[in-house]
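Please open the structure in a viewer and follow the stops below in order. Each stop names a selection and then describes what is found there.

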Amino acid sequence: MATTHKTKTAGLADVIAGESAICTVGQGQGLNYRGYSIQDLANQASFEEVAYLLLYNKLPNRAELARYQQRLQSLRTIPDALKETLETIPATAHPMDVLRTACSMLGCLEPETLFLEKKLQQQFPQQHDIADRLLAVMPSLLLYWHRFHADRQRIDTTLQAASTGEYFLTLLTGKQPDKTHIDAMNVSLILYAEHEFNASTFAARVAASTLADFYSAVVSAIGTLRGPLHGGANEAAMALIQRFQSAEQVAPALKDALARKEKIMGFGHRVYKTADPRSPIIKAWSKQLSRQAGDTVVFPVSEAIEQFMWSEKQLFPNLDFYSASAYFFMGIPVALYTPIFVCSRITGWAAHIMEQRANNALIRPGSRYTGPEPRAFVPVDQR
Ligand code: COA
């Protein structure tokens, strides 16, 4: 891992912390997954094609895609021991904590054993299987827990649904989802799938660089995604939007919030400085879903927040902002917003874990010491 800076930068901003062939975020090329633009992928691909692209480094042909969809469908079973764990986790737990725990438990039940034997040779014969398994089962784990506590139902997670979006929405409601909702969810999953060395992906790579097992790296990533400065922003953005009953209320309240130096969630970005290329794509879907739902409040309020933040601070909405209202119109409970990010970003995390392992060096940066000068030890009775 080469670092171009010897000087400190807050939060490693602008530090090149490694090489990756998976994704460009800006870098003069826009947002591309393995060279394909996010606009083309969102307009023309299914999430499963994008997952295959990230995990297997090529777009699948029709036969490969059909086989891959079948494969994912066959990997949605939850072991009984894990169902018991999910039933034990309190209804009051945050669903991100549920996913973190469930992923960890799956790592105990279906460990990366061959890796454990062969890690010193850096061979990882099970890693693609584990990546596919986690991709397939993440919505099952989340919604098994959710429905058990919300509806007292032990749902069948093996039901047939071709796409991850359809599967997610069907498990959530127990009904056949609306076609527009399935399409919007497909796009949302594509937009969230990968984003270079963001905090959670970097956490996954740090864990992988110690030759920890695959599940440990994913658990590290889930924990890192949870915070409101990262994945938790979509939930926080919805809480913000729901503070307002009309667009007129937005400007005075946000003026006060900014005066108090509050961060407005769903705005700004560490890498993008003028716009997030994913935002117009999800905004268009949010608008369509708003119309379909007959909404006259949430979307106008969202646009008012966007206009205010731009005119006041030149801050633009990131992906999380309009994802929040899109999920709202689909009837998804707010606490499940960040977990949807997990169901998608597992693809990017897995691709990065594999890439890290393929050319590994322990990630261990230095720090600039700011503590006391060396000094004499004082025995406990003399302090
Ligand atoms: N609301 C209000 N002010 C914001 C802001 C926001 N969402 N995002 C950035 N700013 C302001 C900061 O207060 C700071 O102002 P200052 O120079 O007057 O102190 C300036 O813009 C730079 O912000 P900073 O936090 O240093 O930039 P960063 O690169 O470290 O932060 C984020 C990037 C994403 C952490 C930050 O924009 C943020 O906290 N956004 C809200 C959370 C969010 O949506 N996260 C999801 C990201 S995809």
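The tour begins at the largest pocket of this predicted model, which has a volume of about 1,600 Å³. To find its middle, select Asn198, Ala199, His269, Arg270 and Val271: of the 49 residues that line the pocket, these are the closest to its centre. Next, select helix H10 (199-209), helix H15 (298-313), helix H16 (319-329) and helix H17, the elements that each give two or more residues to the lining. Colouring the lining by class will show 25 nonpolar, 12 polar and 12 charged residues.

The second stop is helix H8, residues 164-173. Is this helix mostly covered or mostly open? It is mostly covered, with 9 of its 10 residues buried. The buried residues are Thr164, Gly165, Glu166, Tyr167, Phe168, Leu169, Thr170, Leu171 and Leu172.

What covers the buried residues of H8? Select helix H2 (47-56), helix H7 (127-151), helix H9 (179-192) and helix H17 (337-358), which are among the elements that do so. Helix H17 thus appears at both stops: it helps to cover H8, and it contributes to the lining of the largest pocket. Just after H8, select Gly174, whose phi is positive, near 75°.

The last stop concerns confidence. The chain averages a pLDDT of 94, and 96% of the residues score at least 70. Residues 1-5, by contrast, have a pLDDT below 50; in the model, this stretch has 14 contacts beyond near neighbours in sequence.

Conventions:
Residues numbered from 1 in each chain as written. Predicted model: local features only at pLDDT ≥ 70, side-chain atom pairs only at ≥ 80, totals over all residues. Heavy atoms only, no water. pLDDT = per-residue confidence, 0-100. Contact = heavy atoms within 4.5 Å. Buried < 20%, exposed > 50% of the residue type's maximum accessible area, 1.4 Å probe, protein only. Helix = DSSP H or I, 4+ residues; strand = E, 2+ residues; numbered from the N terminus. 1 Å grid on protein atoms, 1.4 Å probe; cavity = no way out; pocket = protein on both sides within 12 Å on 5 of 7 lines; lining within 4 Å. Points joined across faces, edges and corners; volume = space filled by probe spheres on them. Nonpolar A, V, L, I, M, F, W, Y, C, P; charged D, E, K, R; others polar.
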